[in-house]
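Colleague: Before we discuss the assembly, please put the sequence and the coordinates side by side. I shall then ask about individual features in turn.

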Amino acid sequence: MSAVDASAVIVAPQGWRRLLRGLATDPRSAAGLALVGIAIVAALFAPLIAPVDPELPDFVNILAPPSTSHLFGTDELGRDVLARIVYGARASLFVGVLSVAAAAVVGTLIGLVAGYFGRWADALLMRLMDIIFAFPSILLALAITAVLGPSLTNAVLAIAVVNLPVFARLARAQTLVVSRLEFVEAKRALGFGTANILLRTVLPNIQAPLIVQGSLLFASAIITESYLSFLGLGAQPPTPTWGNMLRNAIGFLELAPWLAWFPGAAIFLIVLGCNLLGDGLRDRFDPRD
Amino acid sequence: MSINLKRRNVATLIAGAPFIGMLPAQALAQGAKTLTIGVVSDPVTLDPALMASFFELSVQFNLHEPLVNVTPELKIEPGLASVANPDPLTYRFTLRPNLTFHDGTPIDAAAAKANFDRMMDPATGSPRRSELAPVESVEVNGPLTFTIKLKAPYAPLLQVLANRAGMLVSPAALKALGPDFATKAVGAGPYKLVSWTKNAELVLERFPGYWRGAPAIERVVFRPISDETVRLANLRSGTVQLVDAVPAQAVGQLSREATITLKQTSGLGFSAFSFNNTRAPFNDARVRQAFTSAIDKQSVLRAVNFGTGKVASGGIPPSIGWAHDPNFAPSKTSVEGSRKLLADAGITTPVPVTITVTNSPAQVRTAEVLQAQANAAGFKVDIKQIDPTSLITVLRAKDFDMCMSPWSGRADPDGNLFNYFTKSGPNNFMGYQSDKVTALLEKARAEPDQATRAKLYREAETQIAADAPMLFLTFPATLQASAKALEWVQYPDGAFRLQFAKFS
């Protein structure tokens, strides 16, 4: 996960439409956009896309290989794998979007405050972030879900906490530069309140690298959710997530290897898509462009 | 010059060949001194008086030796002692002479009595107390002889003494170690404890003073590997040479592998789920019956056991032939029947239920099958996963709606029913209070005639099925596998007795 250069990127964010057009023209970021787009569509319209109920078992037809009636085969309880992959996108995107959004919002606020006010606020907040940052992210996510109990929401919380420092540091670094600029000083002199300055002036000018970071962390959030589910700490059965589908597949690698191919491919493709998209966004925001 | 060198090289090779040939054999011999076993989980305690969980089974018969032994055909034969049974209330034991515990202290009648006194003392809190409830007294008659006198005839006594209740431990060590005895047990088995690093390995080494003589294998290492796939992978790679609890879906593949021996036998135990009879919703028998009638046990057998084992409607497996009734089918699967029962009970549907299981894939899969079928009948089931060592705590605290209650099984039906279904039975996690069943089970254990006992057990099972305090699912087969080079004996209860094992 490449961090964006800490030097200020003072570019007014391009219009969204121009951004999308730009992304679509470059083949790699177009691929990224397509992959992420497919996942989003699958997640939003799962009931319409999935052929059957993903939780409907069929004890006569367990471990069936891919066929015309079950395009991706059935799992160890006879449930349709394609339907579970489609619905699994919900868990992955739910966790990815929510955890990154939560980390971004809270982390950015922390970074804004620390960078703007400096001195003891900066010291206190950044030391807090350092404490979180000091833990290996895997261990911290595991510990939080183990303590709070296994569920999708707790997985979101855990991943959000683990990713807070990244946004906080990034936002702080950007804020330090931007808040020293003249137009910010001018607003202060004009008597605008701190909240107004931070949210209306500083934030729009630092959001570009935060968005890029967000898209990259989205990929890592999906991977984290996968291994939390794999360890039994994410969504509980029978809710399908790509991670817990992989976990169930391990015991059947000889009898039914397709049970592992499909969720594994799904995770791989969405992470690839997020990384391509993130790279593309970073290229679009690069002032040297 | 070059020809001479070549000749020298060839000569060296020829001279060295025997040594090279010996190396692999020597490595094998070194390896053959240690048997590493992949088991599901660490034991909770090594003190037979306090053992109450599934996970001690793999270790217990290697560290400890009971007074009498059960053969794979479920016959009783002498262990530390031989036994005479002059009348139904008297059992006279004669210990083998010149035996010592692992710490060198003698195995004599006084030690035996000390063991029994401890197990039957309420202060010890031993689960063996209820297994020994009919014992009136233990009298020492001589240095190696003692007599157990019963209050009433007790048919399962020898079966009980062939298990944890008959495993003698060193009283001197008990006194010296106090509560540490649980992790440093000193017994009389074929192996003595070297070290126990929890969740890593439990190391035993052979005890030359064992009554059958020192076992063939010098060292035994138990490695807890909770993931069944990883356990199998370790067996295939040779890291372990024996594994417990082979997953049922691997049976087909394993039986075709040349380097692995798969052993399968009818088990003695059952796979079941306890209902919590002490609180809603399962304090109402109709709700329990509704859940039971929603379950098609053949689906469980198919999806979880992959056709191994048998469907269970009660606690007595087919392997206890004289007491098992193959025609016992107390209930039919019926979703409409379930819904009607729930309506009769006046409970609002869907009824929320949490099923607690350990995180073993087979148990989770079982819970998912139950969930799918119960949800179709008016329940709303959630699955809660806990780690294996917490299971016994959850069961005892009755902190569950439904919880897995597997039982490894005993050679006598009393061993499968009494502790579960009598009012004060130590395994009565369900909170089941039935005077009728308690009376029937107490009568059955005191009845000397086998045919009468069978009838009493049938009556008890019929009542239990009507009350449905527990959901019986299957009688699982015992599935274990080893490296081809290991010769060993499989027992129906799935416990390892490594005094009979050797590397060929």
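Colleague: How many helices are there in chain A?
Modeller: Helices (H or I, at least four residues) and strands (E, at least two) are DSSP runs numbered from the N terminus. This is a predicted model, in which local features need pLDDT of at least 70 and side-chain atom pairs pLDDT 80 or more, while totals for chains, interfaces and linings use all residues. Residues are numbered from 1 along each chain as its sequence is written, and chains are lettered from A and ligands numbered from 1 in the order in which they are written. Chain A has zero strands, and its helices number eleven.

Colleague: What percentage of the residues in chain A is buried?
Modeller: A residue is buried if 20 or more other C-beta atoms, placed from the backbone, lie within 10 Å of its own, exposed if 12 or fewer, and partly exposed in between. The C-alpha trace of chain A spans about 75 × 45 × 25 Å along its principal axes. Of the 289 residues in chain A, the buried share is 47%.

Colleague: Which helix of chain B gives the largest share of the largest nonpolar core?
Modeller: A nonpolar core is a set of buried Ala, Val, Leu, Ile, Met, Phe, Trp, Tyr and Cys residues joined through C-beta atoms within 7 Å. The largest has 77 residues, and Leu168(B) is among those that touch the most other members. Six residues of this core come from the helix in question, α3 (residues 109-120).

Colleague: Which strands are the edges of the open sheet in chain B?
Modeller: Two strands pair if DSSP finds at least two bridges between them. The sheet has four strands in the order β4-β5-β7-β6 (chain B), with antiparallel pairing. Pairing on one side only marks the edge strands, β4 (81-87) and β6 (135-140) of chain B.

Colleague: Which residue of β7(B) is the bridge partner of Val138(B)?
Modeller: β6(B) pairs with β7 (residues 145-150) of chain B in the antiparallel sense over five bridges. In β7(B), the partner of Val138(B) is Ile148(B).

Colleague: Is Ala214(B) buried, partly exposed or exposed?
Modeller: Ala214(B) lies in the loop between β9 (201-206) and β10 (219-224) of chain B. Leaving aside residues up to four places away in sequence, Ala214(B) touches Arg206(B) and Pro208(B), contact meaning C-beta atoms, placed from the backbone, within 7 Å. Because 14 other C-beta atoms lie within 10 Å, Ala214(B) is partly exposed.

How values were computed. Contact = placed C-beta atoms within 7 Å.
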